[in-house]
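Q: Could you take me through one part of this structure slowly, as if we were looking at it together? I would love a close look at a single strand and what surrounds it.

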Amino acid sequence: MTPLAEILRPKSLDDYIGQQHLIGQGAVLRTLIESGNIPSMIFWGPPGIGKTTLAMIISNTLHRPFHTLSAISSGVKEVREVINQAQQEEGSILFIDEIHRFNKAQQDSLLGAVERGIITLIGATTENPSFEVISALLSRCQVYVLRDFDEADMRRLIDSAVAYYATQGLNVEVREAEALMRISGGDARKLLNAIELVVNRNIQNTPNTPIILDNQSVTAAVQQNLAFYDKGGEMHYDIISAFIKSMRGSDPNGAVYWLARMIEGGEDPLFIARRMLIFASEDIGNANPNALLLANATFDAVSKIGYPECRINLSQCACYLACSAKSNATYMALENATAMIRRTGDLPVPLHIRNAPTKLMKQLGYHEGYKYAHDYTGNAALGGFAEQEYLPQGLEGTLFYEPGSTPREQETRRSLQERWGQKYGY
């Protein structure tokens, strides 16, 4: 039986829901499609937001031959077979799902065909292509970021599902949508799968009667079908969230449990290692700088070793991060500075800390009055420090970085107090 998500897959740009920043009237990608001249491209975004569908619509709109490969089950051999076939065609599009799972050799096998225009590559990835796609291939592709569906998009999907069931003689009534929204989390496939579960369950139990979708019926149907959440993307983000929150909460037991769940589910080990690398800076920071070193070493070890042995490296790092002192002070410092920039715009760099590589710049006062810290060693305890202004005019004395309460960060606070006195209020 064809899944509801496949039945409702849109066939044209006008029917496509979401991503209006890319395919709305006058948007950049729509303009390229309508011109008939598209570049190779990579769609980056979370699962279930229409990456595959958009690639198929592009092919249909342009009447181009369409080939599709999954990086999970395909390799260099399959890529070469498609390229050989594409040489006998004109304007072939090759869509590669989860292209981040292709290794360097597999990605290298695409370069020549993309470069010569034998194929137009469309890759889909849930991972940052800057890290997962080799630079030579990335430079030949335009990256488009796809966003989660918002509530309005999800309600349009719900309406389309109800309308479809009406054509099948089924009266589906949505009385509450909160559970559907919560379970789907912006993923159209999860949303439609949940609706389909409830409808199929009630067709069997109460034929020829209205099928009611409310929070209770949706939750009950999903709980009885745990596979709905399982690998294949459905529980991917829920489990990584539990893993991160366990480490943040200093519980190595919870962390190693969710780690084991991911390992048993076949999760990409580099995905896990990358999340721990982010966590080391975001949630531990300077409370324990060694955390970043260990997380980086773990990422390197996982890259070299692979499954199954790298699970030992992952466990060591996860337990260490969970047991470490926590601080998000450096992360919040960046957030505070970013918020200020968005309020004040691009303020000019003070003249005395500008670079002055030319005579004209020097005549204009660039670099004039700058105090080279290493020349100020009178107070050995300060380690070479000269008080001067480093922030733009109007932001003098603005505090962005507030050290946390851990012993190491309190030592940092005392050092900043000695240097800056009352300037920043440390």
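A: Let's start with one pair of residues: Phe66 stands opposite Ile93, which belongs to strand E3. Keep in mind as we go that this is a predicted model. A second pair follows the same idea, with Thr68 having Phe95 in E3 as its bridge partner. In total, five bridges join strand E2 to E3, which covers residues 92-97, and the two strands run parallel.

Now look at the two faces of E2. His67 and Leu69 make up its covered face, while Phe66, Thr68 and Ser70 lie on the uncovered one. So which residues have we already met in the pairs? Phe66, opposite Ile93, and Thr68, partnered with Phe95.

Let's step back to the whole sheet. Five strands build an open sheet, in the order E2-E3-E4-E1-E5, with parallel pairing. E2 (66-70) and E5 (142-145) are the edge strands; each has a single partner strand, so one side of each is left without a neighbour in the sheet. On average, neighbouring strands here are turned by 20 degrees against each other, ignoring direction.

Next come the helices that pack on this sheet. Helix H4, residues 51-62, touches strand E1 (41-44), E2, E3 and strand E4 (119-125). The direction of H4 makes about 175 degrees with that of E3. Helix H5, residues 76-86, also packs on the sheet, where it touches E2, E3 and E4. For H5, the angle to the direction of E2 is about 175 degrees. Our strand E2 is therefore touched by H4 and by H5.

From H5 we can move on to another helix. How do we describe such a pair? Two packed helices are described by the angle between their axes and by the distance between those axes. The axes of H5 and helix H6 (residues 104-116) come within 9 Å, and they cross at roughly 10 degrees. H5 and H6 are therefore roughly parallel to each other, because an angle under 35 degrees counts as roughly parallel. Their crossing is right-handed.

If you would like to find this contact on your screen, look in H5 for Val76, Val79 and Ile83. They meet Ala105, Gln106, Ser109, Leu110 and Ala113 in H6. Sorted by class, the contact of H5 with H6 has six nonpolar residues, two polar ones and no charged ones.

Finally, let's place our strand in the whole chain. The protein chain has 20 helices and seven strands. Its C-alpha trace spans about 85 × 50 × 45 Å along the principal axes. Of the 426 residues in the chain, 43% are buried. Among contacts with a separation of 6 or more, 71% come from residues 24 or more positions apart. The pair we began with, Phe66 and Ile93, shows how E2 and E3 line up, and from there you can follow the sheet in the order E2-E3-E4-E1-E5.

Technical notes
Residues are numbered from 1 along each chain as its sequence is written. This is a predicted model: local features need pLDDT of at least 70, side-chain atom pairs count only at pLDDT 80 or more; totals for chains, interfaces and linings use all residues. Side-chain values use heavy atoms; hydrogens and water are left out. Two strands pair if DSSP finds at least two bridges between them. Helices (H or I, at least four residues) and strands (E, at least two) are DSSP runs, numbered from the N terminus. Axes are lines fitted to C-alpha atoms, for helices over the stretch in contact, and angles run from 0 to 180 degrees between N-to-C directions. Contact means heavy atoms within 4.5 Å. Angles under 35 degrees count as roughly parallel, over 145 as roughly antiparallel, 65 to 115 as roughly perpendicular and the rest as oblique. A crossing is left-handed if the near helix is turned anticlockwise from the far one by less than a right angle, and right-handed if clockwise. Ala, Val, Leu, Ile, Met, Phe, Trp, Tyr, Cys and Pro count as nonpolar, Asp, Glu, Lys and Arg as charged, and the others, Gly among them, as polar. Buried means under 20% relative accessible area, exposed over 50%, partly exposed in between (1.4 Å probe, protein chains only).
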